[in-house]
Amino acid sequence: MTSKPDDALGEVQWGDLKPFMSVIVLQCAGNPTHAFGALVRLLKKPGRARQGANVWTVAESELTAASNGVIPGLGDLESLQVDQLFGCVKRQQGRPGWALATSDYVNVSHELTVALRREELIAVRAERNVLDRLQRQLDTVPRPPLRRLGSSILEEAFMQGAAKNIWMRSIQRRSALRPASKAVGGDDVGVALDPVEDGFFAWDAARCAMPDDPEIVYLKGKIGVTISNSQIWFKDSPDFQTYVLTMGEILDIIAEVNKKPTGFSAFPVTAREVFDLTGVSEAYEVIPVDLEALPESLRGGEELENAATLLQDSFLNVQEGAKGTKFKLDVGTNGVVGGQLAASLNRLDDRFELDVGFDRSAREPLPSAREICTALNNGQLLEVYFASGHKYSSGRLWKQDFTPTPFPGWAWEDFTGFDITKEKPERSQSTGTIHDGIAKPGDDSLFAWVVDYCNEGWLICDDSSGEAADFFHIDHENLLRVFHVKASTNKSDHRGVKVTDYDVVLGQAQKNMLYLDKERLAHRLASTKLAEPACWLDGERIKDRRRSFLDKLKATRSKGVTEVVVVQPNMRRELYFKLSQDIDNGLVSQDTLRLQLLEMQLKMARIAAVKYVTDLTVIGSG
């Protein structure tokens with residue numbers, strides 16, 4: 001609760017202050033004097049006090065240069081180049097959280113709020129609870145005439161020196177297979193970031209050494225910024241005069257960058273979160289969220305799970321000719337187009353929303369298209385990639401700037417006689433019947449292709465619930481290959497690039513790389529619950545419950561190399577080299593963009609494989 005004693009409200013004793021220099025910097029939208037007044041009114045609003053606590057204002061002062069305001073002991077605001085200054089001290093008194101209600105123990109604390117304006121920029125120093133409340137109010141409609149600084153302004157203003165620390169968050173959808181955030185420290189982390197691995201992270205906060213500048217007197221040493229809330233953090237001030245002069249230098253540097261931005265980027269390999277739709281254009285690919293890869297806490301209820309499952313099995317294709325943030329989708333199931341949808345990316349307060357409906361200019365949609373439309377509007381279940389380098393995911397928008405390079409692990413094999421859209425033997429329902437039906441007469445699935453491909457050495461199938469991989473193979477040179485197999489959604493000789501065909505299988509490959517440890521793998525394979533797991537020796541099926549394979553694995557634990565192999569025949573050799581040539585010639589199409597996106601994801605998976613001292617090969621058709 002809030003209480004106000006009978007004592008008269010005092011003036012802030014500026015000379016007694018030495019605030020820590022951590023501030024939120026805001027830019028005025030409209031008249032600066034009015035904007036500062038709006039800010040002061042927000043800061044004066046009482047917050048929610050802890051239960052049983054009393055909070056009241058004990059001192060408050062507001063000065064302006066226009067009315068010849070003077071800070072005792074420091075001078076007038078005009079000489080300090082401060083246009084407006086507001087200060088407030090609140091006292092909070094209440095029982096400690098560790099004490100019973102009957103206890104006589106009392107905690108007394110004081111909270112300081114200081115807001116300082118120079119021209120159109122305002123620096124706000126306050127306690128965490130006050131700043132959190134202010135951040136929420138900045139996004140509440142009707143919005144106050146105050147705006148956070150853009151990330152590019154903060155980056156150019158304060159990240160010119162050697163970066164000592166950086167905090168980043170992943171722009172990929174949340175997955176149990178990869179970190180959602182990471183922190184890196186070093187002598188100059190800006191040059192140490194990896195253009196592939198860190199290209200899928202956006203930096204949110206960083207701490208850099210300020211470069212030497214004879215015109216900068218107070219802002220020396222390491223300074224940090226947090227771009228999501230427009231925060232700048234430095235160090236303790238020895239007195240209030242130093243605080244005011246340091247704030248002046250901070251605001252001057254920002255004002256200079258505001259007037260003449262150069263586009264400087266301290267961390268060019270990382271993505272950036274953007275907060276408006278300026279420059280977003282030409283959607284070229286959509287990828288459904290893999291709900292199984294999400295942490296349990298984010299999976300939602302049964303309705304959301306059913307929607308995600310439907311989208312994973314659906315045909316979703318962005319039509320050519322998308323402009324701006326609007327695009328059209330051909331959708332359907334089982335490879336059959338059931339209708340056309342119209343989608344638009346819109347800003348909704350501080351987030352973005354993908355609005356999906358039927359394309360009114362198209363024919364009447366089939367029931368399958370209606371089901372897909374309902375699923376797409378069930379939650380944030382779709383990622384959208386734009387030719388402008390932007391990516392939409394889970395209500396947020398990111399900008400990636402990277403120079404794509406080819407993935408070096410492609411291998412091209414002949415799939416003649418096999419159905420590349422069929423992963424496992426037909427009419428096989430249970431795990432046992434799948435194992436029994438592999439490579440039997442009439443089986444033209446990709447599982448049968450693996451048996452034909454690995455016709456020398458020891459081969460076993462591990463397809464089952466909780467599998468370590470689809471197949472494991474050891475050749476006579478002691479090479480252990482770990483196969484992950486996924487059917488193509490299209491077997492046409494004119495099929496294009498389909499990124500989603502690789503999405504799930506790459507996730508499975510990365511998830512199970514822990515089984516590249518041969519001791520762990522041997523234990524996992526020996527504990528199978530299958531009555532008769534499928535095994536082959538030199539191309540001939542044998543029934544020994546993996547004994548021959550496990551004996552060979554044991555004999556090769558200290559020698560031989562390991563390779564992760566993804567079998568996904570969607571990519572055609574002829575198309576790959578044509579698109580690669582188009583990319584070299586500077587030609588841009590949906591398929592060249594999709595290929596670059598796919599190869600970026602393949603390189604991410606390869607980085608994960610290299611960490612396990614192995615490599616990644618992806619087999620396409622050709």
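**Warm-up**

Among contacts in the protein chain between residues at least 6 apart in sequence, what percentage join residues at least 24 apart? Contact here means heavy atoms within 4.5 Å. The value is 70%.

Before you go on, note that this is a predicted model: local features need pLDDT of at least 70, side-chain atom pairs count only at pLDDT 80 or more, and totals for chains, interfaces and linings use all residues. Residues are numbered from 1 along each chain as its sequence is written, and side-chain values use heavy atoms, with hydrogens and water left out.

**Exercise 1: the whole chain**

Task: Describe the protein chain by its box, its secondary structure, its burial and its domains.

Solution:
- Step 1. Taken along the principal axes, the C-alpha atoms fill a box of roughly 95 × 60 × 55 Å.
- Step 2. You should find 14 helices and 30 strands; helices (H or I, at least four residues) and strands (E, at least two) are DSSP runs, numbered from the N terminus.
- Step 3. Of the 622 residues, 51% are buried. Buried means under 20% relative accessible area, exposed over 50%, and partly exposed in between (1.4 Å probe, protein chains only).
- Step 4. The chain splits into domain 1 (10–161 + 210–270), domain 2 (274–399) and domain 3 (410–621); such bounds come from an automatic or database domain assignment. Over C-alpha atoms, the centres of domain 1 and domain 2 are 41 Å apart.

**Exercise 2: an open sheet**

Task: Work out the strand order of the sheet that holds β16, and find its edges.

Solution:
- Step 1. The order is β16-β17-β18-β19, an open sheet of 4 strands with antiparallel pairing. Two strands pair if DSSP finds at least two bridges between them.
- Step 2. β16 (314–318) and β19 (351–358) are the edge strands, since each pairs on one side only.
- Step 3. From one strand to the next, the twist averages 30 degrees (axes are lines fitted to C-alpha atoms, for helices over the stretch in contact, and angles run from 0 to 180 degrees between N-to-C directions).
- Step 4. Now zoom in on β16 and β17 (residues 326–333): 5 bridges join this antiparallel pair. S314 stands opposite T333 in β17.

**Exercise 3: two faces of a helix**

Task: Sort residues of α12 by burial, then find what packs against the buried ones.

Solution:
- Step 1. In α12 (residues 547–555), the buried residues are F549, L550, K552 and L553.
- Step 2. Looking down the axis of α12, these fall within an arc of 160 degrees, so they line one face of the helix. The arc is that of the directions from the helix axis to the C-beta atoms.
- Step 3. On the other side of α12, you'll see R547, D551 and K554 exposed.
- Step 4. β24 (458–461), β25 (471–474), β26 (480–485) and α11 (518–526) pack against the buried residues of α12.

**Exercise 4: two loop residues with positive phi**

Task: Place S230 and A439, and say how accessible each one is.

Solution:
- Step 1. S230 sits in the loop between β12 (222–226) and β13 (231–236), with phi near 60 degrees, a positive value in a residue other than glycine.
- Step 2. S230 is buried, at 0% relative accessible area. Its side chain reaches the backbone nitrogen of L149 at 3.1 Å.
- Step 3. A439 lies in the loop between α8 (431–437) and α9 (446–453), and phi of A439 is near 65 degrees.
- Step 4. A439 counts as partly exposed, at 36% relative accessibility.

Definitions and conventions. Polar contact = N/O pair within 3.5 Å; in protein donor to acceptor, adjacent residues only side chain to side chain.
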